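Trainee: I should like to go through a protein model with you, question by question. Could we begin once the sequence and structure are in view?

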Amino acid sequence: MNNDNNSTEDSHEKLTKAPTSKTSSLDNLDNLDALSQYIKSTKGTREGRAIPPLEKWHPEDIADMDLTIKANGEWWHEGGQMTRESLVSLFATILWKEENNGNTEYFLKTPVQKIRIQVEDAPLLINDVGIVHEDNMSWLEFTTTTGDVVRLDDEHSIVLKAYNSNKSDSNDSDSNNSDKANQANQVSTADDVADSQELASTEQVRPYMMVRNGLTALIGRNTFYHLTEIGALSEDNGKTILTLQSGGQSYSLSMPTD
């Protein structure tokens with residue numbers, strides 16, 4: 001099929017309502033259009049960016065789809081980039097992460113099936129940050145390319161972690177890499193992946209933020225630059241410290257040295 005360029009609305013006549021049995025559901029979820037229509041038909045009263053109750057769904061059936069979320073945030077299906085933003089955003093609402101025997105796996109999760117996909121780095125990408133004022137309080141508010149909005153607080157913190165663009169296991173980026181992060185010598189973000197040949201042997205430190213359901217988002221390079229302008233930079237024992245204010249709290253990041 002032609003990735004996401006076939007109209008999901010054209011599928012509506014074929015799937016006028018959610019499948020009513022497990023068998024028919026699984027038969028119908030083997031392509032992007034059918035999966036898209038299934039999500040739309042089962043979302044009930046959810047509106048806007050609401051995330052379905054994924055933690056309450058426990059499907060036993062697991063399938064694999066040739067779908068990869070690239071390290072630069074692009075979604076690719078069967079060798080072609082998914083260019084329809086609305087479709088990518090829809091699928092992002094059912095992204096699910098699991099730790100299995102020390103390995104991190106990602107799925108598109110429905111009530112009847114978990115569809116395993118590949119994620120090269122983080123499953124989400126932040127491309128905007130701003131300051132919002134609410135109840136006499138200022139917050140740093142971040143937005144992902146797929147519509148998640150999250151504020152910097154104790155549950156949604158920013159961390160610097162190591163990422164190796166040449167590593168063999170592309171789904172390990174959400175594991176604990178704090179020791180490697182302290183040894184890495186370069187701050188890098190999504191846009192740097194374009195220089196993959198030059199950086200193939202370089203372990204990079206990238207900024208990530210917790211979003212939801214254990215999913216992290218990579219903070220894009222331009223957004224991180226904006227963040228350094230919003231925050232305060234200082235020096236401490238030869239290290240550059242970025243201090244951010246959000247919700248009446250201070251959050252500090254120790255920047256790697258060159």
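The discussion below takes up confidence, secondary structure, sheets, cores and single residues in turn.

Mentor: Please note first that this is a predicted model, in which local features need pLDDT of at least 70 and side-chain atom pairs count only at pLDDT 80 or more, while totals for chains, interfaces and linings use all residues. Residues are numbered from 1 along each chain as its sequence is written, and side-chain values use heavy atoms, with hydrogens and water left out.

Trainee: In which element is confidence highest, and in which is it lowest?

Mentor: Confidence is expressed as pLDDT, the predictor's value for each residue from 0 to 100. The mean for the protein is 77, and 65% of its residues reach 70 or more. The mean is highest in strand S12 (residues 215-219), at 97, and lowest, at 38, in helix H5 (residues 196-199).

Trainee: How many contacts does the model have for residues 44-48 beyond four places in sequence?

Mentor: A contact means heavy atoms within 4.5 Å. Where pLDDT is low, the predicted coordinates should not be read in detail. For residues 44-48 pLDDT stays under 50, and the number of such contacts is three.

Trainee: How many helices and strands does the protein have?

Mentor: Both kinds of element are DSSP runs numbered from the N terminus: helices are H or I of at least four residues, and strands are E of at least two. By that criterion, the secondary structure comes to six helices and 15 strands.

Trainee: What is the order of the strands in the open sheet of six?

Mentor: Strands pair if DSSP finds at least two bridges between them. The pairing in this sheet is mixed, and its edge strands, each paired on one side only, are S3 (80-81) and S4 (95-100). Two bridges join S2 (residues 75-77) to S3 in the antiparallel sense, with histidine 77 having glycine 80 as its partner. The order is S3-S2-S1-S6-S5-S4.

Trainee: What angle does the direction of H3 make with that of S2?

Mentor: Axes are lines fitted to C-alpha atoms, for helices over the stretch in contact, and angles between N-to-C directions run from 0 to 180 degrees. H3 packs on the sheet and touches S2, S4 and S5 (103-109). The angle between H3 and S2 is about 95°.

Trainee: Why is H3 largely enclosed by the rest of the structure?

Mentor: Buried means under 20% relative accessible area, exposed over 50%, and partly exposed in between, with a 1.4 Å probe and protein chains only. The buried residues of H3 are Leu87, Val88, Ser89, Leu90, Phe91 and Ala92. H3 is largely enclosed because the buried residues number six of its eight.

Trainee: Which residues touch the most other members of the largest nonpolar core?

Mentor: A nonpolar core is a set of buried Ala, Val, Leu, Ile, Met, Phe, Trp, Tyr and Cys residues joined through side-chain atoms within 4.5 Å. The largest has 42 residues, and helix H3 (residues 85-92) gives the most to this core, with four residues. Those touching the most other members are Trp75, Leu95, Leu108, Phe142 and Ile158.

Trainee: In the open sheet of three strands, which residue stands opposite leucine 244?

Mentor: The sheet has the order S13-S14-S15 with antiparallel pairing, and its edge strands are S13 (232-236) and S15 (249-255). Five bridges join S13 to S14, while S14 (residues 239-246) and S15 pair over seven. In S15, the residue opposite leucine 244 is tyrosine 251.

Trainee: Which residue in the hairpin of S13 and S14 takes a positive phi?

Mentor: Two residues lie between the strands of this hairpin. The positive phi is near 55°, and the residue is asparagine 237.

Trainee: Which side chain makes a polar contact of 2.6 Å with that of arginine 206?

Mentor: A polar contact is a pair of N or O atoms within 3.5 Å; within protein, one must be able to donate a hydrogen and the other to accept it, and residues adjacent in sequence count only if both atoms are side-chain atoms. Arginine 206 is in strand S11 (residues 203-212) and counts as buried because its relative accessibility is 0%. Its side chain has a polar contact of 3.4 Å with that of glutamine 204. The partner at 2.6 Å is aspartate 121.
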